[in-house]
Amino acid sequence: MSAPERIPPRSVTAAELLTIGELKVRGRIREASNAALFCTVANDGQEASCVYKPVAGERPLWDFPDGTLAGREVAAYEVSEATGWGLVPPTVLRDGPYGEGMCQLWIDVHAEAELLALVDAEEPEPGWKAIGFAEVGEGRTALLVHADDERLRRLAVLDAVINNADRKGGHLLPTADGRLYGIDHGVAFNVENKLRTLLWGWAGEPLTLEAVEVLKRLKKTLSDGGELAVRLAGLLTTAEIDATRARVEALLTSGRHPEPSGEWPAIPWPPV
């Protein structure tokens, strides 16, 4: 599928275009577990590619209310924007050919960027962080590692805030201009601790000063009447927003990246 000219990610124009543009389905993304459609969106001579996930195509889950995944994806974008890190592509909730759904700007991936690897070693090399050992067949194991990359570290903080239950390698989108985006946040914001991610390399380590400042801003904007709290009100329940506030407070109190709780599988499967 050929992609039309891109609108710069995170721009206001991109979000507006996703909201008001004419949405046309061009194909289906078959790798997705829920209905995900490759589309174009156009308005007044501007056009961009996007992903449209209609609520009607969401698969029911035992631990998330039916019909809420699209709203959670938009909520993740709103929190990302509030951090100032811009880690989630512009994402809106809108009507489309198959009813209301999530619409997200398409991101072209720079395939040469290596963020994850399996290595035949007991310890990671400099520039890498250990995730854990994985079976690779015939009784052999290898060490799964991720890059010691500040972009990934920011994403690890965002995932802790939104309680992301499915941060797989395939959800990491590096771009040719050096940016990194995270996608597929439908299973986030649960009131119970569901954090499940590949980005455990900093577990237990002190948060960066930058992250602490970002969390302080999130605390303020998530307070009652705060701008982010207002934006999330139409996307999440009151209990889920309260739980998000509590996670931010817990991160600020500990001053450290969270560690696996032991109450929930820490690494998603399959990891990619």
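In this predicted model, E73 touches a set of residues that lie well outside its own stretch of sequence: leaving aside neighbours within four places, E73 is in contact with K53, T91, M102, Q104, D184, H185 and G186. E73 is found in helix α2, which spans residues 69-83. The relative accessible area of E73 is 5%, under the 20% limit, so the residue counts as buried. A further distance places E73 relative to the chain around it: the C-alpha atoms of E73 and G101 are 9.9 Å apart, while 28 residues separate the two in sequence.

The surroundings of E73 lead to a sheet. Helix α2 packs on this sheet and touches β3 (46-54), β4 and β5. The direction of α2 makes about 145° with that of β4. The sheet itself is open and has 5 strands, in the order β1-β2-β3-β5-β4, with antiparallel pairing. At its edges stand β1 (22-28) and β4 (91-96); each has a single partner strand, so one side of each is left without a neighbour in the sheet. From one strand to the next, the twist averages 40°.

The partner of β4 is β5: 6 bridges join these two strands, which run antiparallel. Within this part of the sheet, L93 stands opposite M102 of β5. M102 is also one of the residues in contact with E73.

Helix α2 has a helical neighbour as well. Two packed helices are described by the angle between their axes and the distance between the axes. For α2 and α4 (residues 209-221), the axes come within 9 Å and cross at roughly 120°. The two helices are therefore oblique to each other, and their crossing is right-handed. On the α2 side the contact is made by V79, A82 and T83. On the α4 side, V214, R217, L218 and T221 take part.

Which rings form an aromatic pair? A search of the whole structure finds 1 such pair, and its rings belong to F38 and W106. The ring centres are 4.8 Å apart and the planes stand at 85°; since planes over 60 degrees apart count as edge-to-face, the pair is of that kind. The pair links distant parts of the chain, 68 residues apart. F38 lies in strand β2 (residues 37-43), whereas W106 is in the loop between β5 (99-105) and β6. Are the two residues buried or exposed? F38, at 3% relative accessibility, counts as buried. W106 has a relative accessible area of 27% and is partly exposed.

Beyond that loop comes β6, which belongs to another sheet. Here 3 strands form an open sheet in the order β6-β8-β7, and the pairing is antiparallel. The edge strands are β6 (116-119) and β7 (128-137), each of which pairs on one side only. Neighbouring strands of this sheet are turned by 30° against each other on average, direction ignored. Strand β8 (residues 140-147) is joined to β7 by 8 bridges, and the two run antiparallel. One of the pairings between them places G132 opposite L144, its bridge partner in β8.

Notes: Residues numbered from 1 in each chain as written. Predicted model: local features only at pLDDT ≥ 70, side-chain atom pairs only at ≥ 80, totals over all residues. Heavy atoms only, no water. Pairing = 2+ DSSP bridges. Helix = DSSP H or I, 4+ residues; strand = E, 2+ residues; numbered from the N terminus. Axes fitted to C-alpha atoms, helices over the stretch in contact; angles between N-to-C directions. Phe/Tyr/Trp six-rings, centres within 6.5 Å; stacked < 30°, edge-to-face > 60°. Buried < 20%, exposed > 50% of the residue type's maximum accessible area, 1.4 Å probe, protein only. Parallel < 35°, antiparallel > 145°, perpendicular 65-115°, else oblique. Left-handed = near helix turned anticlockwise from the far one by under 90°. Contact = heavy atoms within 4.5 Å.
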